[in-house]
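Welcome, and please open your viewer so that we can walk through this model together. At each stop you will hear what to select and what to look for there.

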Amino acid sequence: MQLYHHPYSLESQKVRLALEERNIDYTSYHVNPITGKNMDPSFFRMNPTAKVPVFQNGSHIIFNTIEIIQYIERIALVSSGSGIIKESSKNVVEWMYKIQEWNPKFFTLSHIPEKHYIYVSKFIRRVIIARMSEAPDLATAYHTKLKEAYETEDKLLDPQVIQRSEHHLIKLLDEVETQLEETLYLTGDEFTLADVMLVPILARLTLLGLEKTYIEVRPKLAEYWMLVQTRPSYMNVIGKYFNGWKRWKMLFKTWCIVRFRCMLKLY
């Protein structure tokens, strides 16, 4: 089994947490969207959306986050064979879909300095154009991604788009806070796949320096956040990249790669 992902990808973190929690072995391949690796023809043929993560088991390829996680759960159920691992309840699945409804894209980009985002966006567009000439049979799919890049820039200029994303997030966190007044974890006293979906969102808010604004103002959510950070799965998937100076190491490395390739026009 192979997982194509990136440590800072929120969707990748969800899948990797599920793999860690279910103790599933897999081969890891880093695909950095900021440096345009997801636009390489080999990856693009496998997943025309060019998004990470992508999970491959033999000829079976999945790139929908919840579908990957549910597939992982089925593997774990078959592998355990002892009833230790139970299938997720209807409540857990409902929370998974509820959390997945929030798209972090515009919220995240709105909290990144505009000059940095524009610089990277221009770089990605040039990468797409370069790959289009390398793989003309994929030109239509690449053109779609190019159009999406321009549309994203336009939407970021619309305050209503950002407001809708923030309001959706606030509503979700308020529902989580209400639930945590009754349970230790999101659906009970055990850590489930619903928590797997939620934890990366809290990590993203912390990475953006928004912990006080969105987490600490909700007492139960703040307690929950402290609790889940002690889990081995969190430390392996998120903590090892977000703690201390490591938080900036990968971002600095990525930024240097983009600047270097822009200077030398290596798209």
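Start by selecting lysine 145 and glutamate 148, which are three residues apart in helix α7 and therefore separated by about one helical turn. Show their side chains: in this predicted model, the two meet in a salt bridge, at 2.8 Å from N to O. Now turn on the surface. Are these two partners buried or exposed? Lysine 145 is buried, with a relative accessible area of 11%, while glutamate 148 counts as partly exposed at 31%.

While you have charged side chains on display, add Lys37, Asp40, Arg131 and Glu134 to the selection. Salt bridges that share partners join these four into one network.

Next, stay with helix α7 and pick glutamate 153, then add arginine 125. These two form a salt bridge, and their closest N and O atoms are 2.3 Å apart. Glutamate 153 sits in helix α7 and arginine 125 in helix α6, so this pair ties together parts that are 28 residues apart in sequence. Check the surface here as well. Glutamate 153 is buried because its relative accessible area, 17%, falls under the 20% cut-off. Arginine 125 counts as buried too, at 12% relative accessibility.

How many salt bridges does the structure hold? There are eleven, and one of them makes a good next stop. Select arginine 45 and aspartate 137, whose side chains meet at 2.6 Å, N to O. This pair links distant parts of the chain, 92 residues apart: arginine 45 belongs to helix α2, and aspartate 137 lies in the loop between α6 (114-134) and α7 (139-156). Compare how open each partner is. Arginine 45 counts as partly exposed at 48% relative accessibility, and aspartate 137 counts as exposed at 54%.

From helix α2, follow the chain into the loop between α2 (41-46) and β3, where you will find lysine 51. With a relative accessible area of 54%, lysine 51 is exposed. Now add Lys105, Lys155 and Arg164 to lysine 51 and color the four together: they form a positive surface patch.

Continue along the chain to the strands. Select residues 2-5, which are strand β1, and residues 54-57, which are strand β3; the two run antiparallel and are joined by three bridges. Zoom in on leucine 3 and look across to phenylalanine 55 in β3, which stands opposite. As you look along a strand, remember that in a regular strand the side chains alternate between the two faces of the sheet.

Add residues 60-62, strand β4, to the view. Strand β4 pairs with β3 in the antiparallel sense, again over three bridges. Here asparagine 57 stands opposite histidine 60 in β4. Which residue of this hairpin takes a positive phi? Select glycine 58: its phi is near 70°, and the hairpin of β3 and β4 has two residues between the strands.

For the last stop, return to helix α6 and pick glutamate 114. Glutamate 114 is exposed, with a relative accessible area of 57%. Use the distance tool from its C-alpha to the C-alpha of lysine 220: the two residues are 34 Å apart in space and 106 residues apart in sequence.

Technical notes:
Residues are numbered from 1 along each chain as its sequence is written. This is a predicted model: local features need pLDDT of at least 70, side-chain atom pairs count only at pLDDT 80 or more; totals for chains, interfaces and linings use all residues. Side-chain values use heavy atoms; hydrogens and water are left out. Two strands pair if DSSP finds at least two bridges between them. Helices (H or I, at least four residues) and strands (E, at least two) are DSSP runs, numbered from the N terminus. Patches are made of residues with over 30% relative accessible area and no salt bridge: like charges are joined within 9 Å, nonpolar side chains (Val, Leu, Ile, Met, Phe, Trp, Tyr) within 5 Å. Accessible areas come from the Shrake-Rupley method with a 1.4 Å probe; for residues, only the protein chains shown count as cover. Lys and Arg count as positive and Asp and Glu as negative; His and the chain ends are not counted. The place of a charge is taken as NZ of Lys, CZ of Arg, CG of Asp or CD of Glu. Buried means under 20% relative accessible area, exposed over 50%, partly exposed in between (1.4 Å probe, protein chains only).
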